[in-house]
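Here is a short set of exercises to work through with the structure open beside you. Try each task before you read its solution.

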Amino acid sequence: MDAVFSGRIVSIPDTASGDKAKFFLQVETINEQPAQRKTLATISSKPQNLSKLNIGETIKLKGNLRKPFTST
């Protein structure tokens with residue numbers, strides 16, 4: 001599902017891979033519709049952009065949401 005998500009970063013972004021960051025996002029809106037969800041976000045960007053991400057910041061992301069894998 002392609003969508004625009006806005007919310008608050010609620011974990012310390014992990015930027016160990018250099019050009020990617022992973023963090024938990026407390027989603028407040030999806031496509032301008034209210035939502036109260038938490039999701040793991042993975043984004044790719046230049047390292048200097050990723051270093052600006054901080055816990056507690058409100059951000060807007062445009063991307064793809066996938067269903068979680070099922071356990072067996």
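**Exercise 1. Is Glu-32 buried, partly exposed or exposed, and which sign does its phi have?**

Solution. Keep in mind that you are working with a predicted model.

- Start with accessibility: Glu-32 has a relative accessibility of 58%. The cut-off for exposed is over 50%, so Glu-32 counts as exposed.
- Next, place the residue: Glu-32 sits in the loop between β2 and β3.
- Then read the backbone: the phi of Glu-32 is positive, near 65 degrees, and the residue is not a glycine.
- To see what makes that worth a look, recall that most residues other than glycine have a negative phi.

**Exercise 2. Describe Asn-31 in the same way, and find the hairpin to which it belongs.**

Solution.

- Asn-31 is also placed in the loop between β2 and β3.
- Its relative accessible area is 38%. That value lies between the limits of 20% and 50%, so Asn-31 is partly exposed.
- Asn-31 is not a glycine, yet its phi is positive, at about 50 degrees.
- The hairpin in question is that of β2 and β3, with 2 residues between the strands.

**Exercise 3. In what order do the strands stand in the sheet, and which of them are at the edges?**

Solution.

- The sheet is open and built from 4 strands, in the order β3-β2-β1-β4, with antiparallel pairing.
- β3 (33–44) and β4 (58–64) each have a single partner strand, so they stand at the edges and one side of each is left without a neighbour in the sheet.
- On average, neighbouring strands are turned by 40 degrees against each other, ignoring direction.
- As background, strands of a sheet pair through backbone hydrogen bonds, either parallel or antiparallel.

**Exercise 4. How many bridges join each pair of neighbouring strands, and which residues are partners?**

Solution. Walk across the sheet, one pair at a time.

- β3 and β2: strand β2 (residues 20–30) pairs with β3 over 10 bridges, in the antiparallel sense. Ala-21 has Ile-43 of β3 as its bridge partner, and Phe-24 stands opposite Leu-40 in β3.
- β2 and β1: these strands run antiparallel and are joined by 5 bridges. Phe-5 has Ile-30 in β2 as its bridge partner, while Ser-6 stands opposite Thr-29 in β2.
- β1 and β4: this antiparallel pair has 7 bridges. Here Ser-6 appears again, with Lys-60 in β4 as its bridge partner.
- Putting the Ser-6 entries together, this residue is matched with Thr-29 on β2 and with Lys-60 on β4.

**Exercise 5. Which residues have the most contacts inside the largest nonpolar core, and which element gives the largest share?**

Solution.

- The largest nonpolar core has 15 residues.
- Phe-23, Leu-25, Ile-43, Leu-53 and Leu-61 have the most contacts inside it.
- Two or more residues each come from β1 (2–9), β2, β3 and β4.
- The largest share, 5 residues, is given by β2.
- Link this to the previous exercise: Ile-43 belongs to the list of residues with the most core contacts, and it is the bridge partner of Ala-21.

**Exercise 6. What is the volume of the largest pocket, and what lines it?**

Solution.

- The volume is about 590 Å³.
- The lining holds 16 residues, and nearest the pocket centre lie Leu-40, Ala-41, Thr-42, Asn-64 and Arg-66.
- β3 and β4 are the elements that give two or more residues to this lining. The largest share, 5 residues, comes from β3.
- Sorted by class, the lining has 9 nonpolar, 4 polar and 3 charged residues.
- Leu-40, one of the residues nearest the centre, is the residue opposite Phe-24.

**Exercise 7. How far apart in space are Gly-18 and Pro-47, and how far apart are Pro-68 and Ala-21?**

Solution.

- Gly-18 is in the loop between β1 and β2, and at 27% relative accessibility it counts as partly exposed.
- Gly-18 and Pro-47 are 29 residues apart along the chain, with 5.7 Å between their C-alpha atoms.
- Pro-68 lies in the segment after β4 and is exposed, with a relative accessible area of 71%.
- Pro-68 and Ala-21 are 47 residues apart in sequence, and their C-alpha atoms are 19 Å apart.

Terms used: Residues numbered from 1 in each chain as written. Predicted model: local features only at pLDDT ≥ 70, side-chain atom pairs only at ≥ 80, totals over all residues. Heavy atoms only, no water. Pairing = 2+ DSSP bridges. Axes fitted to C-alpha atoms, helices over the stretch in contact; angles between N-to-C directions. 1 Å grid on protein atoms, 1.4 Å probe; cavity = no way out; pocket = protein on both sides within 12 Å on 5 of 7 lines; lining within 4 Å. Points joined across faces, edges and corners; volume = space filled by probe spheres on them. Nonpolar A, V, L, I, M, F, W, Y, C, P; charged D, E, K, R; others polar. Core = buried A, V, L, I, M, F, W, Y, C linked by side-chain atoms within 4.5 Å. Buried < 20%, exposed > 50% of the residue type's maximum accessible area, 1.4 Å probe, protein only.
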